[in-house]
Amino acid sequence: MLPLTRRNLLKSAAVGGAYASGIALAPGITRALASATADPLLLEAYGLTATIDGKAPSDGVMSYRTVASPADVAPPVLRARRGEPFSVRFENLLQEPTTVHWHGLRIANAMDGVPFLTQPYVYPGDGFDYAFTPPDAGTFWYHPHCNTLTQIGRGLAGMLVVEDPNDPVFDGEIALNLRDWRLGGNSQFIEQFKARDAAKAGTFGTVRTANWQVEPSYDAPAGGLIRLRLLASDVTRIFNLKLTGGDAVVVAIDGQPVPSVIPLDTVVISPGQRLDLVLRMPDDEGATVAIEDIRPSTPKTVARLRAVGTSLKRSLGDVPPLTANPQAEPDLSAAIEVPLVLSATAEQAAKDSICGSLGYSFWAINKVPYPGDSADPMAPLAEMKLGRTYVFNLENVTPHAHPIHLHGMNFKVLSSSTRKVQPLVSDTYLVLPDEKVQLAVVADNPGDWVLHCHIIEHQKTGMTSFVRVV
Ligand SMILES: [Cu+2]
């Protein structure tokens with residue numbers, strides 16, 4: 001709980017009523033209601049001790065909290081509305097600098113939360129006011145962009161839901177934040193990465209969780225349609241997800257509705273990505289649906305849902321497509337091509353930074369490893385003219401997959417050299433080994449926008465750059 005001070009009481013008075021209708025009903029379960037207030041939401045980053053592995057408390061955990069969610073240890077699901085102002089007073093109660101990045105949101109550059117590129121560090125004891133109007137409805141998330149491997153690794157990653165007043169109403173909604181933790185047998189954090197793994201697929205966690213719990217189970221109405229919002233916030237792991245015991249359709253990928261619903265078989269989501277499903281619960285009370293990661297090397301049930309009550313007898317055939325978000329259509333007849341080659345490197349470009357250097361450069365974009373989050377000037381990968389269409393020719397010449405994430409703008413997937421792709425709009429594309437992919441970007445948001453691999457060890461050992469839109 002927050003200490004009971006006059007200041008906190010005032011905060012409660014300011015936002016408590018507004019959020020009372022939108023807070024979690026049970027861990028992971030939220031109602032489709034949000035505050036329309038433009039009053040700032042107080043969001044604090046803080047350190048705590050929490051039991052993650054179900055065995056013993058872990059020290060040195062980091063989380064976010066709001067007045068509405070002081071009792072939850074995991075970061076709260078924040079809720080905003082498309083086209084309505086949303087503002088956050090962020091306060092840093094950690095012992096180190098941080099920032100908040102709003103992943104997938106096409107908002108002003110000054111709100112993007114990247115140290116040096118878009119804002120100064122938020123030092124311990126300091127704060128920062130974030131304010132924006134989300135242009136897209138969907139499932140997004142928030143996380144630091146400073147000392148990222150440690151800060152996300154220790155807990156700083158939460159979901160941000162942007163609602164649309166036209167969103168279909170389902171029988172329930174469950175948000176699942178999927179991530180791992182690097183904990184030893186004594187439940188304490190172990191080294192966050194190993195250099196030899198950072199130079200490969202990344203260093204995997206030892207404890208796998210959903211909403212900071214090992215294999216949690218949630219109740220949902222039997223025979224009901226449940227909106228599942230999944231976030232892969234892990235710093236390393238790529239999931240191959242499958243549901244057993246129930247059927248589902250995909251309604252959105254990376255926050256963007258798919259044009260028509262897709263029956264779910266298995267689906268890959270990589271670090272940074274989100275997936276919105278509508279699940280049809282079994283009819284029989286007590287029957288369970290398991291959400292499983294079926295990667296052959298690391299199979300794991302990540303969460304379960306248990307049917308309760310008399311069957312509502314809903315049908316997946318009744319699930320409508322979600323309302324598309326407005327997107328600028330690329331003008332391919334006048335597109336400018338940008339080569340973007342992902343490679344390994346031996347060049348030592350990593351520089352010390354209070355935002356955390358891992359001390360190595362293993363990766364590069366167009367042969368340039370990012371020097372780290374330092375104040376040293378660096379040329380953008382491309383200077384893009386506002387309003388013009390660009391085609392990123394993204395080529396992966398490494399033997400590993402890389403989820404490449406672009407800040408501030410979306411891209412449309414045009415083609416791949418190795419697989420059939422849908423023309424989906426997204427902020428993250430998982431480029432497979434030896435794949436070349438064409439991504440169309442309308443440069444419709446001015447500023448310096450980071451482009452990086454969301455396997456954080458890759459990001460922090462060189463696979464980062466930025467584009468400039470002027
Ligand atoms: Cu990568």
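Let me begin with how the chain is connected: among contacts between residues at least 6 apart in sequence, 74% join residues at least 24 apart. I should say at once that what we are looking at is a predicted model, and I will ask you to keep that in mind through everything that follows. The chain has 470 residues, of which 57% count as buried, and along the chain there are four helices and 30 strands.

I would like to turn now to the metal site. Which residues coordinate the copper ion? They are H402 and H458, each through its ND1 atom, together with C453 through its SG atom, and the distances run from 2.0 to 2.1 Å. If you follow these donors along the chain, they give the spacing H-x50-C-x4-H. As for their surroundings, both C453 and H458 are buried.

Next comes the largest pocket, which holds about 700 Å³ of space. It is lined by 24 residues, and those closest to its centre are I253, V267, V268, R419 and L424. Four elements give two or more residues to this lining, namely strand 14, which covers residues 247-253, strand 15 at 256-263, strand 16 at 266-269 and strand 27 at 428-431. Which strand gives the most to the lining of the largest pocket? That is strand 16, with four residues. When we sort the lining by chemical character, we find 15 nonpolar residues, five polar ones and four charged ones.

Two of the strands I have just mentioned each contain a residue that deserves a slower look, and I will take T428 before Q256. T428 lies in strand 27. Why does T428 count as buried? The cut-off for that word is under 20% relative accessible area, and T428 counts as buried because its relative accessibility is 3%. The side chain of T428 makes a polar contact of 2.6 Å with the side chain of D427. Beyond the residues up to four places away in sequence, T428 also touches H103, D254, P271, G272, Q273, P403, I404, H405 and F411, so you can trace in the structure how residues from several parts of the numbering are listed around this threonine.Q256, in turn, belongs to strand 15. Is Q256 buried or exposed? Q256 is buried, with a relative accessible area of 5%. Its side chain is joined to that of Q327 by a polar contact of 3.0 Å. Leaving aside neighbours within four places in sequence, Q256 is in contact with D136, F140, N325, Q327, N410 and V425, and Q327 therefore appears here as well as in the polar contact, while Q256 itself stays buried at 5%.

Let me now move to the backbone. Most residues other than glycine have a negative phi. With that in mind, consider N211, which is not a glycine and yet has a positive phi of about 50 degrees. N211 lies in the loop between strand 10, at residues 207-210, and strand 11, at residues 217-221, and N211 counts as buried because its relative accessibility is 13%. A second residue other than glycine with a positive phi is D434, where the value is near 65 degrees. D434 sits in the loop between strand 27 and strand 28, the latter covering residues 436-442. Is D434 buried or exposed? With a relative accessibility of 59%, D434 counts as exposed.

Finally, I would like to show you two pairs of residues that are separated along the chain. P57 is found in strand 2, which covers residues 57-65, and with a relative accessible area of 46% it is partly exposed. What distance separates the C-alpha atoms of P57 and Q188? They are 131 residues apart along the chain, and the separation in space is 7.8 Å. Q188 is also among the residues that P57 touches, and the others, not counting residues up to four places away in sequence, are T49, A50, T51 and S187.

The second pair is D284 and G309, which are 25 residues apart in sequence and 8.3 Å apart in space, C-alpha to C-alpha. D284 lies in the loop between strand 17, at residues 274-280, and strand 18, at residues 288-293, and D284 counts as exposed, with 57% relative accessibility.

Methods: Residues are numbered from 1 along each chain as its sequence is written. This is a predicted model: local features need pLDDT of at least 70, side-chain atom pairs count only at pLDDT 80 or more; totals for chains, interfaces and linings use all residues. Side-chain values use heavy atoms; hydrogens and water are left out. On a 1 Å grid over the protein atoms alone, a cavity is a set of points where a 1.4 Å probe fits but cannot get out, and a pocket is an open set with protein on both sides within 12 Å along at least five of seven lines; lining residues have an atom within 4 Å of a point. Grid points are joined across faces, edges and corners, and a volume is the space filled by probe spheres set on the points. Ala, Val, Leu, Ile, Met, Phe, Trp, Tyr, Cys and Pro count as nonpolar, Asp, Glu, Lys and Arg as charged, and the others, Gly among them, as polar. Donors are N, O and S atoms within 2.8 Å of the metal (3.2 Å for Na, K and Ca); water is not among the atoms, so sites may look incomplete. Buried means under 20% relative accessible area, exposed over 50%, partly exposed in between (1.4 Å probe, protein chains only). A polar contact is a pair of N or O atoms within 3.5 Å; within protein, one must be able to donate a hydrogen and the other to accept it, and residues adjacent in sequence count only if both atoms are side-chain atoms. Contact means heavy atoms within 4.5 Å.
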